[in-house]
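Q: Could you take me through one part of this model up close? I would like to know where it sits, how its backbone is set and how open it is to the outside.

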Amino acid sequence: MSCAGTCGKAVEDAVSAMPGVFTASVTFQTKTGHFTFDPSVTGPRDIIDKINTACGFQATVIRPNSTSHLDHSEEIQKWKHTFFFSLIFGIPSMLVMMGFMVYMLINGHEGMCCLIPGLSLETLLLFILATPVQFYGGYPFYVNAVKALRHGSANMDVLIMLATSVAYIYSVTVMLIAVATQMPTAPRTFFETPPMLLVFIALGRWLESIAKGKTSEALTKLMSLQPTDACLVTLGPNNQVTSESMIPAELIQVGDILKVSPGTKIPTDGRVIHGASLADESLITGECFPVSKKPGAQVIGGSVNGNGRLFIRATHVGSDTALAQIVRLVEEAQTSKAPIQQLADTVAGYFVPVVVLLSLLTLLTWVVLGYIDITLVTHHYHEDIAQGMDSNEIIWSFAFRCAITVLAIACPCSLGLATPTAVMVGTGVGALNGILIKGAEALENAHKVKIVVFDKTGTITQGVPMLSHVSLYVSESFLSLTKILAIVGVAEANSEHTIATAVTKFVKGLVRGGHLTGKSNQFDAVPGFGLRCRVSAIDDLEKQIESNTDIRNFHNKPDRQIGVKEVLDVGNFSLTVTAYNPIGESFSSNLSNNGWASADQSRSPNRRRNDESLLITTLDEEGQAEGAEATREYEVLIGNKEWMMQNGIEVPREVQLEMQDYQSLAQTVILTAIDGRLVGMLSISDPVKPEAHLAVYTLKRMGLDVMLLTGDNERTAAEVARQVGITRVFAEVLPSHKVDKVKSLQRNGDVKVAMVGDGINDSPALAQADVGLAIASGTDVAVEAADVVLIRNNLLDVIACFDLSRITVRRIRLNFMFATVYNLLGIPLAAGVFFPLGLALEPWMGSAAMAASSVSVVCSSLLLKLYRKPTKESLSTLEYRKAMEARSLALDLDDVSLHRGPNDLPQPDIVLREKISSGLMTEERPDASRLPSTSSRAGPVMIMVNDEESSDEDTSEEARLLTNTSSQRHHFRLFQMVGGGGKRGHMLLPMEDPEESLEMKA
């Protein structure tokens, strides 16, 4: 393939016309095609035959893991050889032409002619130098041009062939006529045109080939990561290697145990079963820091092992590995076409015939104008006549010069290269930064997005339950934090419940090797309540926890106070722990004075809006240490409040209020009792990702509307939205309704919508959205349905995706503008339109400009390799930090517009006063989350009554009841609403208790 605009389109048109072929996309840069077809109708052999016969190209199937199509070395060498061969004759041609020009200026035309009548020395030398270049240096162009014409298409080689051939044939013809007629002077020829034109064109093709190789450099890097062999081992007791052998990477099977030595590539995707090390995954995920790998950790094939030895069990092999899928996605993206390229392909298809017609029109126009007024084609008529030229020669030589220059300067390649080179570099840069963009259409559409819709679980949040808070109700001398964690960790290790898993995972993270060494006996779990067991032999585990550097640093913190939260960061975990005075007779006052805020403050969920980690405070030394060290077996109860009460453990009112506070934050709360005494409360939550708020804030600053669309309940959704700064929430939305919501947001295609998700339930919405972004750690279904895959599971990459799209599309438009302006100005200039102003080009000048245009477009696209994606540091601007301080990184609940289901009917923002039917009771209720739930009741869910003009007394008379039933009686409670700007209204909610309700007939 020799032309970006026409060669690829010819193949696409020919293959698309075949029966059973659905899509055809050809990439000039890599000379590859991607075709989808019905195998029952056609196949690869038929497609290859069609390309070979109908288009004149030699096509072959790309072998798996083959990089031959990315290797441009052969093409680079070919054009390098052509350039230097043409240069050997082109430079002497230029010297001969300039030498005789200088001689003529000094000595005049006397003695310039002739060796024989009609043939000067200059003409003879230029003929000798031009002939080898025309037939040997121009051979590749002739071959490609003949193939194109034979199959009914025209490409850039046709223009080059026409320009050089017309110049050479015209010069030979007039030279032979002059010699045959024994003219007294030598005619004007264009023998210098073929060498100079081919020099510049070959140079342009050489540089273009080098640049094209760099556009696919990212894909080459990724493919070079694929290992060639692996060390297969058999492990005996205590993970001792009993046998090992080297095998090709292609022979690895799922379940094989492989040894990865320090500094070597990990041969395939797997899970660490023994050993610890750091892995460099930078070229795959974009993560610049080495990632810790311990037993149980996932490893990615192609990443580089650090300084530790690992034994891994293969989980994915061959084309199923993450690296293989990344390579496949990048290849498909680079062979896809952006919608903006369709215009360029259409223009390129007509470009060559139009240019040929313009060249002929230029020739005829100047011939006609020359015979009308010869001064229009020469500013030196008398000098030309004095040199022995007649009027016919002056007219025809000028007309041919302009026509040849039009053929030489016109360049459809710059138009054809504008989009695909930018797309190739852009997708490659994205892949190296952990952003897999599956196609050029997604890359183009991403910058047009106006609405970004986030899923909650696994997207905004971590997607897994984690221990987030611990409250301690005993003194350090009675039971230390480390002892409580050791006891609870061993007890929960016997349970398969997700809450137990979260607790055990945290405790394991404190221990080197991740193994819990205690014993648990008489284990009994009661579904829905909790568990009881007896735990012993935890001394060694307690010592390991105490030796943890993070735990030790925490205990050594100065100025720790009772009732004040402090953060304990352990590896990837972050925990908050609050310690109170021991539970006793003065428990209530202790909590009030030392550990608890006043009732109004402590019960407000907004006080904990920044609590994203676990707090631990110092314990009062007044607690009782009743034989804590002497007791080696502990009776443990872990569960909810009812479980404690069933087992005779009193749960004070203040503890219940604290539980309610954390439950209002969408967290699961369990209590822990040891040896018949309530010792603490554990809170488990699905924590928000640390970068989520910054990502949402930045998207809003970019002018995008951000929404949360989740199937979770309203209270949880509202709390998560509050933490990350999202103001519009759609909760309790079914997967099918997610699709409907995305459709409604798109407004029949007028608004571009991006959906960010990770689960199976998100896949329909991901497919429906204009740009679907899937978290790579999510389900395979979601990844397949999405247009963009975020490898690093970092929400800041959403911003990077939009930013990369914006910069790439801007570069494409710049390329288009340059290519268009070049042709719009270059062709008229070459045609002599500006000749009356003294501006005219020689054919070799046109060829130099043409070569420069293609090279400049490719180099412009290569500038995208300088792109650096936004980082947390660059996005955390002074403005953002001020916003953090001003609003504590969170919204108030009354700033969140909450919707149930996909509709746009908002739930009430806040209820200020509740009016009972008697009208005698008014209660302040500043928290909408305390409204009675209506999801499980019959009858109307919610009735909003607008009464901006009405008073409290006449509200009931003006109320209108909207319901799905027509003959039932319902009991309601009437709530007065006060919204923004003092707007007033009322809401009726169905109630279960008729004693305190306003009875109305539907």
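A: Ala537 is placed in the loop between β16 (530–536) and α19 (539–546); helices (H or I, at least four residues) and strands (E, at least two) are DSSP runs, numbered from the N terminus. This is a predicted model, in which local features need pLDDT of at least 70, side-chain atom pairs count only at pLDDT 80 or more, and totals for chains, interfaces and linings use all residues. Residues are numbered from 1 along each chain as its sequence is written, and side-chain values use heavy atoms, with hydrogens and water left out.

Now to the backbone: phi of Ala537 is near 55°, a positive value in a residue other than glycine. As for its surroundings, Ala537 has 40% relative accessibility and so counts as partly exposed. On this scale, buried means under 20% relative accessible area, exposed means over 50%, and partly exposed is in between (1.4 Å probe, protein chains only).

You may like to set Gln522 beside this loop residue. Gln522, too, is a residue other than glycine with a positive phi, here near 50°. Its setting is a strand, β15 (residues 519–526), whereas Ala537 is in a loop. With a relative accessible area of 62%, Gln522 is exposed, while Ala537 is partly exposed.
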